[in-house]
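The exercises below concern aromatic rings and the contacts they make. Please work through each task on the displayed coordinates before reading its solution.

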Amino acid sequence: MKRSRSFKSNSNRWKIKLLAALLLSICFGTLVLMETQYSRIKMFTVLPPSFVQRPKIAFLFIARNRLPLDIVWDAFFQGDKGHRFSIFIHSRPGFLFNKGTTRSAYFYGRQLSDSIQVDWGEATMIQAERILLKNALMDSYNERFVFLSDSCIPLYNFSYTYEYIMSTSNSFVDSFADTKEGRYNPKMDPVIPVHNWRKGSQWAVLTRKHAEVVVKDDTVFPAFQQHCKRKSLPEFWRDHPLPAEGWKEHNCIPDEHYVQTLLAQEGLEGEITRRTLTHTSWDLSASKDRERRGWHPASYKFSDATPELIQSIKDIDNVYYETEYRREWCTSKGKPSPCFLFARKFTRPAAVRLLNMDFQLQFVV
């Protein structure tokens, strides 16, 4: 009888211990689950908004070899705290950006692997632009695409530049009717009718939609390759023999017409702001030869690089287009604003001088 009671007592104690262990396991599991959920909630509440990926701007550099103004851009990109940009560089084939070729880690390995040899005034320039866009479109977060030369500098800090560009759904494309004789080649018709012929700066800022239009284009680009070529001038005769009837040549610079004409051809001009965001100074009196005037922009050297120069560019608030009798007043978010976010052409000594002045302070957010 005592043995039976002892057995029942032991059995009850075993059951109580088992129940207690089970309850402890449930409590422990509940605590672990609560801690996990709390950690997740805490992570989302503690992390700043910058960790939520925002749309990015793709900066597309067209360079001969190095980027001589990399230290200026380094200061500019340091102003971004939210991973809101990407960089792509079209340089000569085989050129690598590393510690030996650039002073900014932002440019390490950012060269394209499928770059081509580019010649000024040839269709290879617009081909390089298409290659840059093709690569940049692979990143689905890239929403704007900014073309920049290796002599460009930013005029404002990253935050201001980002907000300016992203505040509108339009592309910024310098585009106007080209009424000068000799640019449009009648052989382009009917693929490109003359009423769609446009001219402007190649330094455009494109939306993702318009970037895709450029990359997918298989009609206008071939016509440019065949019929849009620069006129032969003496400085180019070494590479291209003087044509027998040079007076019949059409002086067509592909990169000054391609994107503008393509968007007009596609009926998309209502989706662009018809001005560039990159300032260029064209010194039309630099050459006594009328044929060469305006072919190349003025370069800013060491002695030119002053805070006064930068401020004079920032103060520009309108652009006049003579061929259309049109004055473009610059706005951002519906308010008057500076016309330009970038400027060219600056030499390396000029950039160094600017950084040694108060110029770099404008990049501090």
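**Exercise 1.** Over the ring of which residue does the charged end of arginine 326 sit?

*Solution.* In this predicted model, the charged end of arginine 326 sits over the ring of tyrosine 321, at 4.1 Å from the ring centre. A second arginine can be treated in the same way: arginine 84 lies over the face of tyrosine 162, 4.7 Å from the centre of that ring.

**Exercise 2.** Classify the pair formed by the rings of phenylalanine 61 and tryptophan 73, and locate both residues.

*Solution.* The structure holds 28 aromatic pairs. For phenylalanine 61 and tryptophan 73, the ring centres are 5.2 Å apart and the planes stand at 85 degrees, so the pair is edge-to-face, given that planes over 60 degrees apart count as such. Phenylalanine 61 belongs to strand E1 (residues 56-62) and tryptophan 73 to helix H2 (residues 70-77), so the pair ties together parts that are 12 residues apart in sequence. Phenylalanine 61 is buried at 0% relative accessibility, and tryptophan 73 is buried with a relative accessible area of 2%.

**Exercise 3.** Repeat the analysis for phenylalanine 221 and tyrosine 258.

*Solution.* Here the ring centres lie 6.1 Å apart with the planes at 70 degrees, so this pair is edge-to-face. Phenylalanine 221 lies in helix H6 (residues 220-227) and tyrosine 258 in helix H7 (residues 258-265), so the contact ties together parts that are 37 residues apart in sequence. Phenylalanine 221 is buried, with a relative accessible area of 8%, and tyrosine 258 counts as buried at 1%.

Terms used: Residues are numbered from 1 along each chain as its sequence is written. This is a predicted model: local features need pLDDT of at least 70, side-chain atom pairs count only at pLDDT 80 or more; totals for chains, interfaces and linings use all residues. Side-chain values use heavy atoms; hydrogens and water are left out. Rings of Phe, Tyr and Trp (its six-membered ring) pair if their centres lie within 6.5 Å; planes under 30 degrees apart count as stacked, over 60 as edge-to-face and the rest as tilted. Helices (H or I, at least four residues) and strands (E, at least two) are DSSP runs, numbered from the N terminus. Buried means under 20% relative accessible area, exposed over 50%, partly exposed in between (1.4 Å probe, protein chains only). A charge sits over a ring if NZ of Lys or CZ of Arg is within 6 Å of the ring centre and within 35 degrees of the ring normal.
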